[in-house]
Amino acid sequence: GNADYRTDDYQSFNGFYSNLSNYNFLETSSAKDPALANFAAISKIMKVYDFQALVDNYGNVPYTDAFQAPVVLSPKYDKAEAIYDDLLKQLDASITMIKASASATNPGSSDIVFQGNMDNWKKFANTLKLRIAIRQSNLSAKQAALKSAVNATLAEGYLDENVQAAANPGYSNSDANGGQESPFWRINGFDQNGNATSNNAYYRANAYAVNKLKSFNDPRVDRFYLVIPNGQFAGQIRGNVFGDLNSLQNANTSAFGPGLLKSAGMDAILLSSSEALFLQAEAANSGMIPGSAQTFYEKGITASFVATGVANAATAAVAYYTQDMANVSWASSTNKQQAIVTQKWFALNGYSNLEAYNEYRRTGFPNDIPRSVASGALGTTQPFRILYPTSEYQTNAANVKAEGTVDRFATKIFWAK
């Protein structure tokens, strides 16, 4: 709780590269056969999804040298901004491939995200383009080029309240084949016999988030967090203060709520309707795309209410976002970006913490997130990144060391505020 983390904490580096090597194999093997163009395009899109996450976590990472083994066993690191520039090109290429591949094999049921609906893959690719463009919105010199890139594919549309990117190969309440439950449920919820996982017991509600939701009269609070079932605080939602060494026992704090832990067969969210709509809200607000920023914003809130299972979600959302309250109602919010990112932060709660962290580092919103209260807490700010993994210092030492000293409080990702 005090930002004193090491090179092996919060690691996703090797997991992403392992995943990427599979997509790279699929892309290179599909590229040889025009009939498999849709598979190649999907691979390209998923590679962008993973590489953006790597850049957002680590900054400079291996890119052009990746997947070159056995020719290249020590891949050099590419500049983060150059990778981002190429990711936009890869997304354009994937959209072009799909449009030119009307006679190619449809992936059908082997596509566990859109079941072969290639128009939806184009929308996903286009939404990733928007995310990459908006992430760089602090770089004033690139604004014209980014707006041009976004508008070049505007007609493809975006993910919205009707279509989100979510994977489901047929998750079920089963431990067969190493576990067939939805990953979020399996990691943070329960095994097939209903026993809580270690994460379910370990992670408790954060007092800041609980109190912020309550202060906004937000009905998602008991969807994100479990009402304490019994004991002296039965019926309440309670969280711990970050870094408090005297934090409350589990029986007196809230676990993951039913709006996050839905079922063993729940979808695995890649990019939600809500996130997509908030991206469009910010893009419309800054003039990057046409449309009403307020409409996108309110739809983004509604989509989150629907996704978390708030009762009478559409009506409840209207009642919520028409309150005379900054960062809730559009009209009451003097800083529209702050309102958009604050509401996105709520909507990403639980299942997309990395994306919430990305947006916090990009914008500084929410601007009242407290630091750890632990007496030995490091730094005077929130950390700006995680560290390269020990495995890189062991197996790719020359290249990772060429990146110099990486300081979690000083070495910012190129797009950070």
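This is a stop-by-stop tour of a predicted model, with something to select at each stop.

Before you click, note that residues are numbered from 1 along each chain as its sequence is written, and that side-chain values use heavy atoms, with hydrogens and water left out. Because the model is predicted, local features need pLDDT of at least 70 and side-chain atom pairs count only at pLDDT 80 or more, while totals for chains, interfaces and linings use all residues.

**Stop 1: the core**

Select Trp121 and Phe124. In the largest nonpolar core, which has 104 residues, these two touch the most other members. A nonpolar core here is a set of buried Ala, Val, Leu, Ile, Met, Phe, Trp, Tyr and Cys residues joined through side-chain atoms within 4.5 Å. Buried means under 20% relative accessible area, exposed over 50%, and partly exposed in between (1.4 Å probe, protein chains only). Now colour helix H2 (residues 37–58), which gives the most to this core, with 11 residues. Helices (H or I, at least four residues) and strands (E, at least two) are DSSP runs, numbered from the N terminus.

Which residues surround phenylalanine 124? Beyond the residues up to four places away in sequence, Phe124 touches Ile45, Met46, Tyr49, Phe114, Leu159, Ala165, Leu270 and Leu271. Contact means heavy atoms within 4.5 Å. As background, nonpolar side chains tend to be buried together in soluble globular proteins.

**Stop 2: methionine 118**

Go to Met118, in helix H4 (residues 118–135). Its relative accessibility is 10%, so methionine 118 counts as buried. Show Asn38, Ile42, Ile98, Asn106 and Pro107: methionine 118 touches these, not counting residues up to four places away in sequence. For a ruler line across the model, join the C-alpha atoms of methionine 118 and isoleucine 237; they are 119 residues apart along the chain and separated by 43 Å.

**Stop 3: arginine 362**

Is arginine 362 buried or exposed? Arginine 362 has 0% relative accessibility, so it counts as buried. Look for it in helix H14 (residues 353–363). Its side chain is joined to that of serine 137 by a polar contact of 3.1 Å. (A polar contact is a pair of N or O atoms within 3.5 Å; within protein, one must be able to donate a hydrogen and the other to accept it, and residues adjacent in sequence count only if both atoms are side-chain atoms.) Other residues in contact with arginine 362 include Glu282, Gln337, Trp415 and Lys417.

Just along the chain, pick Phe365 and Pro366: the peptide bond from one to the other is cis, with omega near -10°. Proline 366 sits in the loop between H14 and helix H15 (390–395). A second cis peptide bond, with omega about 5°, joins alanine 69 and proline 70. Find proline 70 in the loop between strand E1 (61–62) and strand E2 (77–78).

**Stop 4: helix H8**

Select residues 207–215. The buried residues of H8 are Ala207, Tyr208, Ala209, Val210, Lys212 and Leu213, and their cover includes helix H9 (221–224) and helix H13 (336–347). At the start of H8, a side-chain oxygen of asparagine 206 comes to within 2.8 Å of the backbone nitrogen of tyrosine 208. After H8 comes asparagine 217, with a positive phi near 55°.

**Stop 5: the loop between E3 and H6**

Pick glutamine 180, in the loop between strand E3 (165–167) and helix H6 (183–188). It is partly exposed, at 28% relative accessible area. Its side chain makes a polar contact of 2.8 Å with the side chain of serine 174. In this loop you also find asparagine 177, which has a positive phi of about 55° although it is not a glycine. Asparagine 177 is at 73% relative accessibility, so it counts as exposed.

**Stop 6: a pocket**

Finish with Tyr17, Ala66, Phe67, Pro75 and Glu392, which lie nearest the centre of the second largest pocket among its 16 lining residues. Its space is about 300 Å³; a volume is the space filled by probe spheres set on the grid points, which are joined across faces, edges and corners. A pocket, on a 1 Å grid over the protein atoms alone, is an open set of points where a 1.4 Å probe fits, with protein on both sides within 12 Å along at least five of seven lines; lining residues have an atom within 4 Å of a point. Helix H1 (residues 13–30) gives the most to this lining, with five residues.
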